[in-house]
Amino acid sequence: MAKPLPSRGDVVECLLAESRALHAREIAKRCGVGEGSYPRLLELLDQLSLDGAIIRQAGTRFKARPVAERAGTGWEGMLTVNPRGFGFVTAVGQVDVYVAADGIAAAMHGDRVKVQVISRSPRGLEGRIEEIVERRNPRVAGVLRRRRKSVWLEPDDSRVRGPIVVSSGSKLGKDGEAAVVEITRFPKFADENAEAELVAVLGVPGDANAEVAKILVREQIVEEHPEESMSEAEAMAARIKKLGTSERRDLRDIPLATIDPEDARDHDDAVWVERRKDGYRLWVAIADVSEYVQPGSQLDKEALRRGATIYLPDRAIPMLPSALAADLCSLLPDQDRLCVAVIADLDKDGVVTRYELVEGLMRSQAYLTYGGVARALGFTDKPKKSEQAERFKKELKVVNELARKLRKTRMKRGAMDLDLPEAQFQLDDETGAPVDVRRRTQDPGIKQAYQIIEEYMILANELVAQWLSKRRCPTVYRVHGKPDEEKLDRLGKVATKLGVSIDLDEMQEPTGVAKFLQRNKKHKKYHVLEMLLLRTMKQAAYDIVNIGHFGLASDAYLHFTSPIRRYPDMQVHRAIKNLLRGGKAETSTSAIETL
C-alpha cells in the first residue's frame, strides 16, 4: 500500500525552504512519498501549479512563488482567531499565515479575508489582513447582558470579538439569559465592536432545551423541509415507479441484508458475501439516492443547504425529507429498491482481485440488528435471539470470516485502531434536561458485529475512490493529512514523562503510529496516550485533491456509503453514474467548483 501523499501545504512549505526549483523526484524524496504514490504526487503538483500556489518549470521541476510575489498579490483564506488575540489565515494549497493581534484590524473570527505576507520567522509566514472578502455568519450565540439602558451580548465562542452591542430598542430578555443576535454592523476599525439586533431569547444558559434551540437559531436550521421539497419528493417517487429498470443489474436474487442498530431510522447499505472455490464474492449495495435528488432541483438545493443529517442529543434533523430517507430510498426488507453496488472478488486471504461498480435493482432479504448478529455468531449471549439472524447464521459466519481477514490486512498496513471512550448523555423524559453523563458501555460482542459492517464500508469507499481516480474523474475525497510536527513534539515530551519510548520520525507514517499503539497496549496510561495521539492528528476533511487518508493508511478514500445523510456521498454517486452511463469525466473549472 502506497504511503499517503503530503498535504498541499506541506508541498508548498517544502518548496519555500529552497531558493531553487526542485524536480518532482526530489520533492517525492523530501516528502516521503512512496513509488506507488508518485503518479498522484505529479497530479497534486499539476493542480498546485494550476491554482497558482507554485510555479512549474521545464523538466518536471517546480518552485515556490517568492514571498515577495505572494506579498504583492496576497491570497484568500479563512481567519481563525485565538482567544488571546492573534490568529491564522488558512487556505487550501497555502501555508498557514500567522497574524498578530495588531494585524487583524477590523476582521472577525470566521471571516474570509485576503492576507498579505510580510515576513518569515521561525514560526513560519507572518502577515496582516489586507481585505475582508466575506463576513462570517452574522448570527452569534451568547449571554445577554443589561446595565441600565445598555444591552450587549457576551459571545459563547471566546474567539468572536465581544462584547457585541445590542440595539436598546428591544426589551426582550433578562440579564444572564441565553440569546442569539444577528450582527447588523460589523466593525470598520480595529478597536470597534460589532452592533446587532436581538433574534431570540432562549432561557437559562446550559439548559439542554436552550442550548439545542441556540444551535438551531444560530445556524438558521429549519427542522421541517419546505413544502415544495416535499411535493417534489413525492412527484419524483411517482415518476421513478413508472420508469423501467431493464438497464440496471438485477440483484434481487442476492440475499442482501441490512445490518443496523435497533433504533435505526433509515437503511442505506446492505451487504452479502459468498464463499467460492478461489475465495469470496462480496456485494455492497448502497441506496441510489441521487436518482431521486436531481441536480438543481429544490430537493437538491435543500439537501446542499443542510449538507448532512444533524444529530442533536434529543433529535435528528434529516438532510432529506422522511418520505425519501425513511421510505423510498431506505433499503427496507422485501421492497424493490434502486441501488449503486460494488461487486468484488477476493482471494482466500481477502485481497481484492477484481471489482466492478453497477447500477442495480435489489430487494433486501432481511433487516438484521447488530445485537441479533452478535448473538447468532456467538459473540455474546446478552441480546435476545433474532429469528432472522438465526435463519442466516451459516451465511453470517462467512460474512464475518471475510470481514476479519479485511481487518487483519488493514491493521497490518498501519491503520489506526483507537478505542476511545464515548460519552452517553441521559436526558429527562419530560424536560429533555441532562440528568447524567457516563461512559457508554458496549458489549464487546456487539462491537465485533459493528466492525463487520465497518470493514465492508471502508473497503467499498476505497474501491470507489480508486475507480474514480483511475478514470481521472474529479470527486470529493475524504482526506487525512500527516500529524502536525509541533503537536508530535508535545506528544513526545508527555510520552517521555510517562516512561514511554517514542520515535517521532517513525510517527510520521501510519505503520509507525500502529506500532507505537501496539507496543503500549498494556501501559496503565494507555487511554491517556490514545487521547493525546488523537489530538496530535489533523482533522479529516473533504477535498477535491486526493492526498490519502493517514488514519486509515489508505492512498485513496472517500465517502460513498451514506448518501441518505451526507451530501458528499451523493456527489460521489453522481460522478459514478455519469461514467457508468457513458459520460465523460467533468474536468472543467465550473464542474469542479460545484463539488
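Is Leu532 buried, partly exposed or exposed, and at what relative accessibility? In this predicted model, Leu532 has a relative accessibility of 24% and therefore counts as partly exposed, given that the buried class ends at 20% and the exposed class begins over 50%. The residue is placed in helix α15. Apart from residues up to four places away in sequence, Leu532 touches Leu491 and Val494. With respect to Ala105, which lies 427 residues away along the chain, the C-alpha separation of Leu532 is 35 Å.

Both of these partners of Leu532 belong to the contact between helices α13 and α15, to which α13 contributes Lys487, Leu488, Leu491 and Val494, and α15 contributes Leu532, Leu533, Arg535 and Thr536. Helix α13 spans residues 485–497 and helix α15 spans residues 526–536; their axes come within 9 Å and cross at roughly 165°. The two helices are therefore roughly antiparallel, since the crossing angle is over 145 degrees. The crossing of α13 past α15 is right-handed. Sorted by class, the residues of this contact comprise 5 nonpolar, 1 polar and 2 charged.

Helix α15 is also the packing partner of the buried residues of helix α14. In α14, which covers residues 510–519, the buried residues are Pro510, Gly512, Val513, Ala514, Phe516 and Leu517. In general, an α-helix has 3.6 residues a turn, so residues three or four places apart point the same way.

A second helix pair is formed by α11 (residues 393–412) and α12, whose axes come within 9 Å and cross at roughly 65°. This angle makes α11 roughly perpendicular to α12, because the perpendicular class runs from 65 to 115 degrees. The crossing of α11 past α12 is left-handed. On the side of α11, the contact involves Val398, Val399, Asn400, Leu402, Ala403, Arg404, Leu406, Arg407 and Arg410; on the side of α12, Gln448, Gln451, Ile452, Glu454, Glu455, Tyr456, Ile458 and Leu459 take part. The composition of this contact is 9 nonpolar, 3 polar and 5 charged residues.

Tyr456, a member of the α11–α12 contact, is also one of the residues that touch the most other members of the largest nonpolar core; the others are Tyr292, Leu468 and Phe560. This core holds 124 residues. Helix α12 (residues 444–470) supplies the largest share of the core, 12 residues. Apart from this core lies another, of 15 residues, including Val140, Leu144, Val166 and Ala179.

For Tyr292, contacts beyond four places in sequence are made with Met236, Ala237, Ile240, Leu299, Leu324, Leu328, Cys329 and Leu338. Cys329 is likewise among the contacts of His267, which, with neighbours within four places in sequence left aside, also include Thr258, Asp260, Ser330, Leu331, Leu332, Tyr367 and Ile564. His267 is located in the loop between strands β15 (257–260) and β16 (269–276). Its relative accessibility is 7%, so His267 counts as buried. The C-alpha atoms of His267 and Val143 are 40 Å apart in space, and the two residues are 124 residues apart in sequence.

Note on methods: Residues are numbered from 1 along each chain as its sequence is written. This is a predicted model: local features need pLDDT of at least 70, side-chain atom pairs count only at pLDDT 80 or more; totals for chains, interfaces and linings use all residues. Side-chain values use heavy atoms; hydrogens and water are left out. A nonpolar core is a set of buried Ala, Val, Leu, Ile, Met, Phe, Trp, Tyr and Cys residues joined through side-chain atoms within 4.5 Å. Buried means under 20% relative accessible area, exposed over 50%, partly exposed in between (1.4 Å probe, protein chains only). Helices (H or I, at least four residues) and strands (E, at least two) are DSSP runs, numbered from the N terminus. Contact means heavy atoms within 4.5 Å. Axes are lines fitted to C-alpha atoms, for helices over the stretch in contact, and angles run from 0 to 180 degrees between N-to-C directions. Angles under 35 degrees count as roughly parallel, over 145 as roughly antiparallel, 65 to 115 as roughly perpendicular and the rest as oblique. A crossing is left-handed if the near helix is turned anticlockwise from the far one by less than a right angle, and right-handed if clockwise. Ala, Val, Leu, Ile, Met, Phe, Trp, Tyr, Cys and Pro count as nonpolar, Asp, Glu, Lys and Arg as charged, and the others, Gly among them, as polar.
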